[in-house]
Every structure is written in C-alpha cells, then in structure tokens.
Amino acid sequence: MRTDNTMPSPILNLRDFLDILKNNDQLLVIDSQVDPYLEIAEIHRRVIARQGPALLFTRVKGSSFPVVTNLFGTNRRLELAFGNRPLDFVRRLVKLVDRLMPPKLSTIRQAWPLVTQGLKIGMKTVRQAPVMECLQQPARLGDLPLLTSWHSDGGAFVTLPLVYTEHPDGLGHNLGMYRIQRFDDTTTGIHWQIHKGGGFHYYVAEQHNQALPMTLYIGGPPALMLAAIAPLPENIPELMLASLLQGKKLHMTDDPLGGHRLVAEAEFAVKGIVPPRIRHPEGPFGDHYGYNSLQHDYPIFQTSHLYHRKDAIYPATVVGRPKQEDYFIGDFLQELLSPLFPLVMSGVKQLKTFGETGFHCLAAARVANRYPREAFASGLRILGEGQLSLTKFLLLTDGSIDVADFPKLWQYILERINWNQDLFVFANVSQDTLDYTGPSVNKGSKAMMLGLGAKRRELPAEFSGSLLDGCSKAVCYLPGTLVVQGKPYAEAPKQAAELAHFPGIKKWQVVLLVDSSAEATSNLQEFLWTFFTRFEPAADIHAASETTIRFHVGLTPPVIFDCRLKPWYTDVLEVDPATKALVDGKFNSMVPKRWR
C-alpha cells in the first residue's frame, strides 16, 4: 500500500486503468495471435511467476474481443488501482467508532471528513451507459474469448465472473465471483456453493420454486472486480464496497428490457435466470488450491440477452498452484478489511489467511486470553464468521507477534502448546468444496491449535536421530518441525502412525510425513502448500500416544501430520507437454527479456 498522502483520481472503467498501467510500464501489449485454449493461460503463468506486467492480447483466435490478464498480479498494480484512500477511510472509521460513546463535540468534528467522503459512496443512476452500446438477443457466448486454462478442464470458463443477484425476499444484493462454464451460446454452469451469498439467494428462490434472476458482469472498474472477491459478512452490500474502493458513486443504469439495473461502466453484462431444481455436470476445473477439482452437478444459468461496449475488452485471470493473481488480491483485501475484524469479532486483534494454501486451508489469529480459554471462544467466533467458516486449520496465540510471519508464529506456538488440551479437532463438519482431503465432497474436519502464555520448551533445530525403515531424507525446516520423506501412501497407509511411535524422533514436537522432503522444504511457499493442502485433521494426525479425558483427546508428541498425496486426492496441476512446447516456441518473441 502507499505510504504517502496522494489521492489518485477515481478509475471509472477498465480502459482508464489500462492507460494508467501503460503509463507506469505495467502493461505489455501482445499483438501476435494467441489461442484462448490453453495458450493464453500458459503465457500468463510464466509472466506472473516473474512478477511481470498485465498482458493485453489484441489478436485472440476465434473472437473479435481483446483479452487482458494479470491486472492485479503485483502489489504495485493494486497500489495504482486504489492508492491508500480506502484503507485510510476504514481505519479512520474504526477509530471514530471507538470514540463515539459518549458523543463529544470534538468527536463530531473528527467525523466531518469521514462524512464528506461517505457522501461520495453509493450508487448514481445515469442515462448514458457504455455497457449498453451493443445488444445481443439472444446472447452469443461463443463470441466471447473464454479461457481454457488447463488441459484437464471440462471446457471454457469465465474466470473473472462478477455474478449479481438479489435476495428473493428483498433482503439486499450479492456480487460474488462464482466460476462460469460455457455450455453453449446461451447456457452456462454456475458454481454456487451454499455457504456463499449467491448460493443463499438461490436456496431461497428454490424454496419458493422460483427462478432467480441473475446478471453476469465481465469487466468494469477495478473496484467492481475487487468487491466481488471480498469476503464481506452476509448482507453487507458489495456494490457499496465497490464505490468505496473507487472513491466515487458507482454509476448504474436501467435495462430497457427489464430486470436488474446495470453497472454502466462494465465491459459485458449478461442477463438471464437460474431456474430451480435443474442441475448439470460442471467441471473439471484447475482451481486455486493447485489441484484439479472434479466434475459435479451445479445449477445452470439460462441467458436472455447480452450487452457489451462497442470496444469491449475481455478481462480474465488464471488460477492454479499458488502463488497466482488471486494471492495478491486476497492479501490486499485482508489489509483493507483487517481493521474491521475487532469490531465484528470481539477479542480478535489480528487475523490472517494464507494465500499460499489457497486461503481456506490455513488461518492464524492473535487473540485476547484474559480469562481461561477466552482464546478458544475467539477461535469459535472466527470459525463461525462467513467465509472464514471454511477454514480447515486455525492457529491461535495471545502473544505480541505478527501472525502473518508464519515461521515465527509456528515456532512461538510449538514452544507453548500443551498437547493435552490445546489441539481441538472437529470431525464430521463441512469442508470447502474444493478441498478433496476429506472422505467426500463438502465433508471433512477442522482443527484449532493454540499456543498461549509462557514458553514451555526449547525446540530442536538439528536432526541427529534415526528413522523408521521406509522413511528417509529428514530435514529440520523450522525449529521443532521435522520433514520426513515416506513411502507412497498406497504402499504404506499406516506409516504415519508407525512413525509416531518410533523412538528416533522422540524429541520432535511435529513431524511432517511427505512424498518429497526436498520439494516440501525448497521454500516457505512449498512448505505451506505441501503441509496444509494435503492432510485432513480427523484422519491424518497421529501421535506417540493419545488419552481421552472428558471427551477431549490429548496427545503426546511427536505429533505426525500425514501430508502425503492420498489415492483419492485429485491431480496436482501441471502444464501439458503440448502446451508447454507451443509456448516455448513463441514466448521469447512475445515477451521482452526482462520479463522472461
């Protein structure tokens, strides 16, 4: 984020943002013809891995619309899009709330700048709307350059979809990012999960046996795209957040064909309905966990008409093994919303979800612990709050430590954890749809691990013991944590339990059993990804001994996390040889040396 006091002018549409990127050497225009089937995605992945610029592809095979990707793939571009104005507003708002009671004249004076800025937030109806310059009725979705990102994908997807719905009973709107698979010119899948706002709206509509009107936006002001991704509490309007991020009222216009009002500066707006009780296979899709999510039945979106700007640009992103563009977006949104956490969840002082693990697999919080087990109560608040309820593994501490610094946090917790009472595993609960470590889709377990109070122990930093037969290549990646390479799970499913009882590792607090210790310890990104995306708490945690007291399972270390790939896990995403060879032959001519 910016540290100066500059206030950039509001960015009202996508092309204004592209001009800013171009002027700041953050946009690469590629005029060579490229294919939205696999090729664009692989070019994007290579550029973002080198922290390269946004990419504007002007000649896209099979479509008249140019494609832009990697809009937000660095902190610098997010800074150019939003500056420090939204974060300053949120911080000042939180401080004002703290001082409001009892009201004082000085407090009212302090509130005036916020009131002035607040008057700029909201929606404004306009007559001239660029999004309505062209109309397709019926829609021709085949004209749009939807990307196929991985050879295993089930088709072409809208990867930056801005899905707008309204509660059937008039209880507000939702703007969310739910992936869209194109089935034909007029029909798509809609990957709605019940725990997301759009899914709630559809659930209510189905209870009434009604179709749910839906508008799919593609492109628009950067603020609109970020607002759709933001993990806001239920009933907090995303369009208001878009206006806050933009620094100006969001322009809206009426649709003469009826239905939802339209965001005037969007690139595309696709109108239609989601009928009740109709499902269609959707997927597979290479998702942001870094694995291939499988095909499942989801609702369908039946389009009625499509609007677009006459010079429309199609924005897209590519997800896959972290870190991708969503990592930078997620961190920005966390920084923006973090001042609100103590207001929403009493006792929570700092909260971090880790994009290295796909966000939902790992979260950490610094909490108050003023009375016995207050930290546990704060953990339950976190696990019960909106999208945070999808968290699989939650770390909690009351120490004065930055929980975003995982190596320091992990060491701090291991120095303090009481294994008899500070690890809680909640079995038979819901699990993120994209996490296949559980026994079946949407089902699995969660864990909460606490490190509180005074330091209890010193942690070993070197391995000098012996290993169980079939285990090898022990690496101490972090103090107290040993990473051990085991046999493939299919050959030795009980190896983790056997390792827990082996005396040669007795002095270690935690041992990760992995398929490749060299890969798992190559850097922090790989360590976190291997650790937290490849185990399920209720099935893959073992210890030297276990005791059950008052229905709580206490452990004696070493505690083994079995992080090997299991036979039922989906495939790790890898670029297919044909696409790799195709891009190898073109990449150097397309991309300047400094970005390859």
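**View 1. Ala363 and its bridge partner in the neighbouring strand.** In this predicted model, Ala363 has Leu394, a residue of strand S23, as its bridge partner. The strands concerned are S22, which covers residues 359–367, and S23, which covers residues 393–397; the two run parallel and are joined by five bridges. As a general point, the strands of a sheet pair through backbone hydrogen bonds, and they may do so in either a parallel or an antiparallel fashion.

**View 2. The open sheet of five strands.** Following the sheet from one side to the other, the strands come in the order S21-S22-S23-S25-S24, and their pairing is mixed. Strand S21 (348–354) and strand S24 (423–430) each have a single partner strand, so they stand at the edges, and one side of each is left without a neighbour in the sheet. On average, and with direction ignored, neighbouring strands of this sheet are turned by 15° against each other.

**View 3. Helix H9 across two strands of the sheet.** Helix H9, formed by residues 325–337, lies across S21 and S22, and the helix runs at about 25° to S22.

**View 4. The surroundings of Gly554.** Gly554 has its place in strand S30, which spans residues 552–562. Is this residue buried or exposed? Gly554 counts as buried because its relative accessibility is 3%, and buried means under 20%. If its neighbours within four places in sequence are left aside, Gly554 is in contact with Trp419, Asn420, Ser545, Glu546 and Thr547. Although Gly554 and Phe424 are 130 residues apart along the chain, their C-alpha atoms are separated by 9.0 Å.

Methods. Residues numbered from 1 in each chain as written. Predicted model: local features only at pLDDT ≥ 70, side-chain atom pairs only at ≥ 80, totals over all residues. Heavy atoms only, no water. Pairing = 2+ DSSP bridges. Helix = DSSP H or I, 4+ residues; strand = E, 2+ residues; numbered from the N terminus. Axes fitted to C-alpha atoms, helices over the stretch in contact; angles between N-to-C directions. Contact = heavy atoms within 4.5 Å. Buried < 20%, exposed > 50% of the residue type's maximum accessible area, 1.4 Å probe, protein only.
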